[in-house]
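Open the model in your viewer and keep the selection box at hand. We will go from stop to stop, and at each one you will find what to select and what is there.

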Amino acid sequence: MNSRPEDLILARYDQSLGEFGDTPQGAMWPDAAGRTIRHDAMLDVLDRRPSGQVVLCDLGCGTGELLTRIRERGMSNITYIGIDRSRMALEHARKKFPGTTFHELDVNAAGADLSLVDCDYLVANGLFTVKHVLGQEQMQAFLESTIKTVWPRVRRGLAFNVMSKVVDWERDDLFHAPMDDMARLLHGLAGRRVRMHADYGLYEYTCYAFRDDRVPSHHQTRQPLPDAGEPVRVLRPLLPTMEKLLPYLQRIDAARIYSNFGPLVLEFEARLARHLQQPEGSVVTANTGTTGLVGAILAAAGRAHSDRPLALMPALTFVATAVAAQKCGYKPCLADVDADTWLLDAEKMASHPRLDQIGVVIPVAAFGRPVEQAPWLAFREKTGIPVVIDGAASFEALELDPKMHLGPIPVMISLHATKSLATAEGGCVVCSDIDLTTRVGQALNYGFHFSRDSRTASTNGKMSEYHAAIGLAELDDWAEKKSAFARVVATYRRHAAGTPMESMLITAPDVCSSYIIFRCRDEAQSLQVQHALAEHGVEFRHWYGQGLHHQTYYADSLHDDLPGTDALAPCLLGLPMAPDLDEYRILRVVNALRIGIEPR
Ligand SMILES: *Cc1c(COP(=O)(O)O)cnc(C)c1O
């Protein structure tokens, strides 16, 4: 492993840190004042863009003292990443700055993961000032190799310092570099967009190279990084590409069947049933999740009767739950959710004061937290009231434990683009009671069943062959999509580790993979976090608003006391998520969260 000349510098540095601890001397700086001046010279690299969110990579960060200076100067637009080879130094750094990203990385090592360096600005302070026992050429080679390796990962500019040649005497153990050599290196990287500063009173100078904003860098051949001011989007769905869809589209062209129980829809339904370990015929697709819910309500409970006009549902849900019930003639009656589970409690609902006016109950799998069949079967048994589960975002929980969460009570799954498994628009209803699923199919097709006679309350809610094509392609690569989501979750978790954010992040498998939920302590903290997110260009969403009773159209719905919902809804912030969300964007989110939860 240790086979390059600069390894000796690392060893010397660790020795110094071991001896003097986390002090300027430990970092081989003579004094603290000089260190601050150098930090400020490094931060001058940002001069051209004084505002806007930027990621700054501190290469050779040591114990992370540059971050202390950044915080002192209140430069909250900087998301900081520290990189160093010294494990000892990083231990100090991580202790001082929990929640900040520090990578142990040797950029010159073969196979080094250079994506960890991706940044707007990179600074290397003191990385090339001490040459210890290295020769002048060895040091020059180390500097050139390092700078040329990291430059392609830098979007806007970099800065590093070396000792000056124009001094009364040169110290043997320091790297005094001729300005011409440095100029040649900088010009080779950045054309005319270079600077040198030697006006800050020390026996050294700082070199800067900048990218031309107008010329696209080769970054654009990789995953594009956002502009400094560009917001991090809250949810960027990623559905199967044209190539993945092509074989299915060719089958549609050949069959000339575009809807009405075509071969692709039938195959999709059969594959979903098998995937969820359910009997044949237990899955019925729909053109949206909301329509699927309409079909399930009509099949299970029929349209509302005047003696039972209410649909009981949690206040903490997406409006679709109320929309579907209302389409079937029911008036929503809003009940409170449990503050821990976020779900409706079946036992409590069995003694609801308006039970005799309730025609259907629609428990909701909040954010994909699944609803169990057993307590609702008991409820149905005891009260005789039909139950339909809005399991919109719970596909993953259902596949994980189908026995617990699927059965005779119909469960609607949404396949909207924002859910984890998606057909752009679409949904399905899963139920082991095949008579019931047959009636759902009938309700979604004009009430027809083996004849063109409309026999039941109905709508047209059928899924098209084109949407089934997306669903089939999505199932083909479902394992990969789930691992992609899991990688993003792991990155969020890694950056939150060891900080209060760790317990505030609610991620898969607790919720649906397409949600990252940040649970604030109370509304005041939530407002503070929302402010920080907005300030730092990070989009977020209250997926369920403040609860159904705060939606204008449903504001005068009947409702119970809703302390649980009122306490929860303002605190649950949906954060950016996408299967290909990169570390750069996640860092920007976590940085904003960290600032948001800092006590004021
Ligand atoms: C997404 C969602 C729906 C609606 O599904 P669509 O497919 O968009 O119609 C219903 N209920 C909940 C809880 C949802 O999250």
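The tour below starts with confidence, moves on to charged side chains, and ends with strands and sheets.

**Stop 1: colour by confidence**

This is a predicted model, so begin by colouring the chain by pLDDT. The average for the protein is 93, and 96% of the residues score at least 70. Now select residues 214-223, where the pLDDT is below 50. Beyond near neighbours in sequence, this stretch has 13 contacts in the model.

**Stop 2: Arg-4 and its partners**

How many salt bridges does the structure hold? There are 29 salt bridges, and we will visit a few of them.

Select Arg-4 and Glu-6 and show their side chains. The two meet in a salt bridge, with 2.8 Å from N to O. Glu-6 is buried, at a relative accessible area of 8%, while Arg-4 counts as partly exposed at 24% relative accessibility.

Keep Arg-4 on screen and add Asp-106. Here, too, the side chains of Asp-106 and Arg-4 form a salt bridge, at 2.8 Å from N to O. Which parts of the chain does this pair tie together? Arg-4 sits in the segment before helix 1 (7-20), and Asp-106 in the loop between strand 3 (101-104) and strand 4 (119-124), so the pair links parts that are 102 residues apart in sequence. Asp-106 is buried as well, with a relative accessible area of 16%.

**Stop 3: a link between two loops**

Next, select Asp-510 and Arg-369. Their side chains meet in a salt bridge of 3.0 Å, N to O. Asp-510 belongs to the loop between strand 15 (505-506) and strand 16 (516-519), and Arg-369 to the loop between strand 11 (358-361) and helix 12 (373-383), so this salt bridge ties together parts that are 141 residues apart in sequence. Is each partner buried or partly exposed? Asp-510 counts as partly exposed at 35% relative accessibility, whereas Arg-369 is buried, with a relative accessible area of 12%.

Before moving on, go back to Arg-4 and widen the selection. Salt bridges that share partners join Arg-4, Glu-6, Asp-7, Arg-85 and Asp-106 into one network.

**Stop 4: Asp-58, a charge without a salt bridge**

Select Asp-58, which lies in strand 1 (residues 54-59). Asp-58 is buried yet has no salt bridge. The nearest side chain of opposite charge is that of Arg-35, 9.4 Å away. What does the side chain of Asp-58 join in a polar contact? Its partner is the side chain of Tyr-80, at 2.6 Å.

Now show the surroundings of Asp-58. Leaving out residues up to four places away in sequence, Asp-58 touches Leu-66, Tyr-80, Ile-81, Gly-82, Ile-83 and Val-123.

**Stop 5: strand 13 and its neighbours**

Switch to a cartoon view and select residues 411-414, which form strand 13. Turn on the side chains: Val-411 and Ile-413 point one way, Met-412 and Ser-414 point the other way, and all are buried.

Add strand 12 (residues 389-390), which runs parallel to strand 13 and is joined to it by 2 bridges. For a landmark, find Asp-390, which stands opposite Met-412. Then add strand 14 (residues 427-430), joined to strand 13 by 4 bridges in an antiparallel arrangement. Here the landmark is Ser-414, opposite Gly-427 in strand 14.

**Stop 6: a parallel sheet**

Look next for the open sheet of 4 strands with the order 11-9-10-17 and parallel pairing. Strand 11 and strand 17 (558-559) are its edge strands, each pairing on one side only. Select strand 9 (residues 310-314) and strand 10 (residues 331-335), which pair in the parallel sense over 5 bridges. Pro-314 has Ala-335 in strand 10 as its bridge partner.

**Stop 7: an antiparallel sheet**

Finish with the open sheet of 3 strands, ordered 15-16-18, where the pairing is antiparallel. At the edges are strand 15 and strand 18 (572-575), each pairing on one side only. Strand 16 and strand 18 run antiparallel and are joined by 4 bridges. Select Arg-519 and look across to strand 18, where its bridge partner is Leu-572.

Key: Residues are numbered from 1 along each chain as its sequence is written. This is a predicted model: local features need pLDDT of at least 70, side-chain atom pairs count only at pLDDT 80 or more; totals for chains, interfaces and linings use all residues. Side-chain values use heavy atoms; hydrogens and water are left out. A salt bridge is a side-chain nitrogen of Lys or Arg within 4 Å of a carboxyl oxygen of Asp or Glu. Buried means under 20% relative accessible area, exposed over 50%, partly exposed in between (1.4 Å probe, protein chains only). Two strands pair if DSSP finds at least two bridges between them. Lys and Arg count as positive and Asp and Glu as negative; His and the chain ends are not counted. A polar contact is a pair of N or O atoms within 3.5 Å; within protein, one must be able to donate a hydrogen and the other to accept it, and residues adjacent in sequence count only if both atoms are side-chain atoms. Contact means heavy atoms within 4.5 Å. pLDDT is the predictor's confidence in each residue, from 0 to 100.
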